[in-house]
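Please examine the sequence and the structure shown below. The paragraphs that follow lead through charged residues and cysteines, one group at a time.

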Amino acid sequence: MATFGVSPEKEQALAERMERLGLREADIVEKFIRSGGHGGQNVNKVATCVYLKHIPTGTEVKCQEERSQALNRYLARRILADKIEAAVLGRESAEAQRIAKIRRQKRKRSKRAKDKMLADKRHVGEIKKGRAFKPDLSGD
């Protein structure tokens, strides 16, 4: 793997993550584009924007967050890994989240939580009673 201008530990962690997801460098098309916006002469002269496309999934990523091309290459790969991980695990985790939500909704409240909720309801009720219409009986 190429050097991305980050610590070797971060590079190694990204390489392991990509390997876990089945992302190979051979499956990635990498192009460099001139960035726009802030950065002065550097971004106007150097192609710092990185475009990646993962051929098997068709996932595309463009990164121009930093002024350094090397750092943008690292960040683009990280974003690509995030997108593919979300696509792969998203289906499974969405189902798990739905089940967990139902489980939380059905779970019985603790005594303390129930007492607190009822106390809050009583408090709101007292406030509402204070707002009740009181007719003027003075006869003026």
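**Salt bridges, charges and cysteines**

The count of salt bridges comes to 10. The structure is a predicted model, and this count, like every other value given here, was computed from that model. A salt bridge here requires a side-chain nitrogen of Lys or Arg within 4 Å of a carboxyl oxygen of Asp or Glu.

A suitable place to begin is the pair formed by Asp-82 and Arg-17, whose closest N and O atoms are 2.4 Å apart. This pair links distant parts of the chain, since Asp-82 belongs to helix α3 and Arg-17 to helix α1, with their positions 65 residues apart in the sequence. How exposed or buried are the two partners? Asp-82 has a relative accessible area of 39% and is therefore partly exposed. Arg-17 counts as buried because its relative accessibility is 15%, and the cut-off for buried is under 20%.

Helix α1 covers residues 8-21 and also holds Glu-19. Glu-19 counts as exposed because its relative accessibility is 67%. Although Glu-19 and Ala-81 are 62 residues apart in sequence, their C-alpha atoms are 10.0 Å apart in space.

A second salt bridge joins Arg-77 to Glu-25, with the closest N and O atoms 2.9 Å apart. Arg-77 is in helix α3, while Glu-25 is in the loop between α1 and β1 (28-33), so this pair ties together parts that are 52 residues apart in sequence. Arg-77 has a relative accessibility of 2% and so counts as buried, whereas Glu-25, at 34%, counts as partly exposed. Which residues are linked with these two in a network of salt bridges? The network consists of Glu-25, Glu-30, Arg-73 and Arg-77.

Another salt bridge is found within a single helix. Lys-129 pairs with Glu-126, and their closest N and O atoms are 3.8 Å apart. Both residues lie in helix α4, where they are 3 residues apart, about one turn of the helix. Lys-129 and Glu-126 are both exposed.

The next group concerns charge on the surface. Lys-108, Arg-109, Lys-114 and Lys-121 gather there in a patch of positive charge. Where in the chain is Lys-108 placed? Lys-108 sits in the loop between α3 (69-106) and α4 (111-130). Lys-108 counts as exposed because its relative accessibility is 77%, and the cut-off for exposed is over 50%.

The cysteines form the last group. How many disulfides are there? The count is 0 disulfides. Cys-49 takes part in none, and the nearest cysteine sulfur to its own, that of Cys-63, is 7.3 Å away. Why does Cys-63 not form a bond with Cys-49? The two sulfur atoms are 7.3 Å apart, which is too far for a bond, because a disulfide requires cysteine sulfur atoms within 2.5 Å. As for their surroundings, Cys-49 has a relative accessible area of 2% and is therefore buried. Cys-63, with a relative accessibility of 1%, also counts as buried.

Note on methods: Residues numbered from 1 in each chain as written. Predicted model: local features only at pLDDT ≥ 70, side-chain atom pairs only at ≥ 80, totals over all residues. Heavy atoms only, no water. Helix = DSSP H or I, 4+ residues; strand = E, 2+ residues; numbered from the N terminus. Buried < 20%, exposed > 50% of the residue type's maximum accessible area, 1.4 Å probe, protein only. Patch = residues over 30% accessible without salt bridge, like charges linked within 9 Å, V, L, I, M, F, W, Y side chains within 5 Å. Areas by Shrake-Rupley, 256 points an atom, 1.4 Å probe, with all protein chains shown as cover. Lys, Arg positive; Asp, Glu negative; His and termini not counted. Charge placed at Lys NZ, Arg CZ, Asp CG, Glu CD.
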